[in-house]
Amino acid sequence: MKIFIYLLHFLCYVTFILSGNRSLVDPNRCSKLYGQCKKRCSKHEKQIEICLSPSKICCIERAFEEDLS
């Protein structure tokens, strides 16, 4: 019974919390946002979305005002 409760919690987390924070985006939309789908963002870039490509994220250049931490 406990395993079903854990499974339900996990599915709720994946369905509601993760989808609210980030969304999947195709590479064309990422490039329209002046970004690129990459495996990792460099220090001077930030992650804005998750690409549909396996294990890739959409990275864009940071503004000069933004903190690099």
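**Close-up views of a predicted chain**

**View 1. The β3–β4 hairpin.** Glutamine 47 has cysteine 59, in β4, as its bridge partner. The model is predicted. Strand β3 spans residues 45-51, and strand β4 spans residues 57-61. The two strands run antiparallel and are joined by five bridges. Together β3 and β4 make a hairpin, with five residues between them. Serine 55 sits in the turn, where its phi is positive at about 55°.

**View 2. The whole chain, for orientation.** Two helices and four strands make up the secondary structure of the protein chain. Along the sequence, their order is α-β-α-β-β-β. The protein chain has 69 residues, of which 14% count as buried. Its exposed area is about 5900 Å². Carbon and sulfur atoms account for 63% of that area. Contacts in the chain between residues at least 6 apart in sequence include a 31% share that joins residues at least 24 apart.

**View 3. The annotated segment, residues 29-59.** An unreviewed UniProt entry carries the annotation "domain: Beta-defensin" for residues 29-59. Over this range the chain is 42% strand and 13% helix. The C-alpha atoms at the two ends of the range lie 12 Å apart.

**View 4. Helix α1 and a nonpolar surface patch.** Helix α1 covers residues 2-21, and isoleucine 5 lies in it. Which residues make the nonpolar surface patch? They are Met1, Ile3, Phe4, Ile5, Leu7, Phe10 and Leu11. The patch measures about 800 Å². Isoleucine 5 has a relative accessible area of 40%, so it counts as partly exposed.

**View 5. The salt bridge between lysine 38 and glutamate 45.** Side chains of opposite charge can pair when their charged atoms come close. Here the side chains of lysine 38 and glutamate 45 meet, with 2.8 Å from N to O. The salt-bridge count comes to one. Is glutamate 45 buried or exposed? Glutamate 45 is buried because its relative accessibility is 8%, under the 20% cut-off. Lysine 38 is at 23% relative accessibility, so it counts as partly exposed. Glutamate 45 falls within the residue range of strand β3, 45-51, and lysine 38 within that of strand β2, 36-38.

**View 6. Cysteine 41 in the loop between β2 and β3.** Cysteine 41 is found in the loop that links β2 (36-38) to β3. Its relative accessible area is 24%, so cysteine 41 is partly exposed. Which residues does cysteine 41 contact, leaving aside neighbours within four places in sequence? The contacts are Lys46, Gln47, Ile57 and Cys59. Two of these names, Gln47 and Cys59, are the bridge partners of View 1. Cysteine 41 and isoleucine 57 are 16 residues apart in sequence. Their C-alpha atoms are 7.8 Å apart in space.

**View 7. Leucine 33 in the loop between α2 and β2.** Leucine 33 has its place in the loop between α2 (27-32) and β2. Its relative accessibility is 36%, so leucine 33 counts as partly exposed. Not counting residues up to four places away in sequence, leucine 33 touches Ile48 and Ile60. Ile48 falls within the range of strand β3, and Ile60 within that of strand β4. Along the chain, leucine 33 and cysteine 59 are 26 residues apart. In space, 9.4 Å separates their C-alpha atoms.

Methods: Residues are numbered from 1 along each chain as its sequence is written. This is a predicted model: local features need pLDDT of at least 70, side-chain atom pairs count only at pLDDT 80 or more; totals for chains, interfaces and linings use all residues. Side-chain values use heavy atoms; hydrogens and water are left out. UniProt positions are given in the numbering used here, feature names are shortened, and annotations may be inferred rather than shown by experiment. Two strands pair if DSSP finds at least two bridges between them. Buried means under 20% relative accessible area, exposed over 50%, partly exposed in between (1.4 Å probe, protein chains only). Contact means heavy atoms within 4.5 Å. Accessible areas come from the Shrake-Rupley method with a 1.4 Å probe; for residues, only the protein chains shown count as cover. Patches are made of residues with over 30% relative accessible area and no salt bridge: like charges are joined within 9 Å, nonpolar side chains (Val, Leu, Ile, Met, Phe, Trp, Tyr) within 5 Å. A salt bridge is a side-chain nitrogen of Lys or Arg within 4 Å of a carboxyl oxygen of Asp or Glu.
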